[in-house]
Amino acid sequence: TTWLIRIAKNSRDSAYQNLVRSVQSTINSVEQAYWDLVYSLQNLEVKRESLRIAQELNRITKIKIDVGSLAPIDIVQTEVGIATAEQDIITAEGMIGDAQDRLKRQLNFVTPDIVGVPVLPTDQLSTDRVKIDLEPSTQSALATRPEILATAYQVATDLVRYQYYQN
């Protein structure tokens, strides 16, 4: 006589796990947008350093041409390097704007007074290696992942229905 109540409880618990998964997905999207912005800002710094190196190489090449150790045509290659570096900087600046816009959309910054304010992250990218023990991680995922738990509730509901109809 309680089969419908047990099905309703399983449905409720499954829906809760779906909500948890939705929240996790939203948090993951915001975090990804944030780290994309951090990457874009650091990428711009690398591109600026590349421009400084290209300009220094151009300066050295001009000196070598003045001294006579290089042909005047060799300056063209360094000028191409400078132009390419400047183009890369423009592209990197555009990527920063795009990353900021994505992060603002994720955070629902839609009012006009907030939209124009730049977002400046406080973290830096790190390249530390993380060691993951596969077996405990797999067991933890199977025990706590909301989509797996939601599926388990749906299986339990199907089992209750099966038992009811078998009876």
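In the predicted model, Leu 70 is in contact with Thr 61, Lys 64 and Ile 65, residues up to four places away in sequence being left out of account. Leu 70 is placed in the loop between helix 1 and helix 2, and its relative accessibility of 29% puts it in the partly exposed class, because that class lies between the buried limit of 20% and the exposed limit of 50%. Along the chain, Leu 70 and Leu 103 are 33 residues apart, and their C-alpha atoms are separated by 49 Å.

Leu 103 belongs to helix 2, where it is one of the buried residues. The buried set of helix 2 comprises Ile 75, Thr 78, Ile 82, Ala 85, Ile 89, Ala 92, Ile 96, Ala 99, Gln 100, Leu 103 and Lys 104, and the elements that cover these residues include helix 1 and helix 3. The length of helix 2 was compared with the span expected from its residue count: at 1.5 Å a residue, its 33 residues should span 48 Å, and the end C-alpha atoms are 49 Å apart, which agrees.

On the side of helix 1, contacts with helix 2 can be followed from a single residue. Ala 33 is found in helix 1 and has a relative accessible area of 6%, so it counts as buried, the limit being under 20%. When residues up to four places away in sequence are not counted, Ala 33 touches Ala 99, Arg 102, Leu 103 and Gln 106; of these, Ala 99 and Leu 103 are among the buried residues of helix 2. By contrast, Thr 138 is 105 residues from Ala 33 in sequence, and the two C-alpha atoms are 27 Å apart in space.

Just after helix 2, the backbone at Asn 108 takes a positive phi of about 65 degrees, although this residue is not a glycine. Most residues other than glycine have a negative phi. Asn 108 lies in the loop between helix 2 (74-106) and helix 3 (112-115), and its relative accessibility of 56% means that it counts as exposed, since the exposed class begins over 50%.

Helix 5 was examined in the same terms. Its 21 residues (residues 146-166) should span 30 Å at 1.5 Å a residue, and the end C-alpha atoms are 30 Å apart, in agreement with that expectation. Within helix 5, Pro 146, Ala 150, Thr 157 and Val 160 are buried. Viewed down the helix axis, the buried residues of helix 5 fall within an arc of 75 degrees, and they therefore line one face of the helix. Val 155, Tyr 162 and Gln 166, which are exposed, are found on the other side of helix 5. Helix 1 (3-67) and helix 4 (134-144) are among the elements that cover the buried residues of helix 5.

The packing of helix 4 against helix 5 occurs at an angle of about 50 degrees, with the two axes 6 Å apart. Because this angle falls in neither the roughly parallel, the roughly antiparallel nor the roughly perpendicular range, helix 4 and helix 5 are oblique to each other. The contact is made on the helix 4 side by Ala 141, Leu 142, Ala 143 and Thr 144, and on the helix 5 side by Pro 146, Ile 148 and Leu 149. By class, the residues of this contact divide into six nonpolar and one polar, with no charged residue. Pro 146, which takes part in the contact, is also one of the buried residues of helix 5.

Technical notes:
Residues are numbered from 1 along each chain as its sequence is written. This is a predicted model: local features need pLDDT of at least 70, side-chain atom pairs count only at pLDDT 80 or more; totals for chains, interfaces and linings use all residues. Side-chain values use heavy atoms; hydrogens and water are left out. Helices (H or I, at least four residues) and strands (E, at least two) are DSSP runs, numbered from the N terminus. The expected span of a helix is 1.5 Å times one less than its number of residues. Buried means under 20% relative accessible area, exposed over 50%, partly exposed in between (1.4 Å probe, protein chains only). The arc is that of the directions from the helix axis to the C-beta atoms. Contact means heavy atoms within 4.5 Å. Axes are lines fitted to C-alpha atoms, for helices over the stretch in contact, and angles run from 0 to 180 degrees between N-to-C directions. Angles under 35 degrees count as roughly parallel, over 145 as roughly antiparallel, 65 to 115 as roughly perpendicular and the rest as oblique. Ala, Val, Leu, Ile, Met, Phe, Trp, Tyr, Cys and Pro count as nonpolar, Asp, Glu, Lys and Arg as charged, and the others, Gly among them, as polar.
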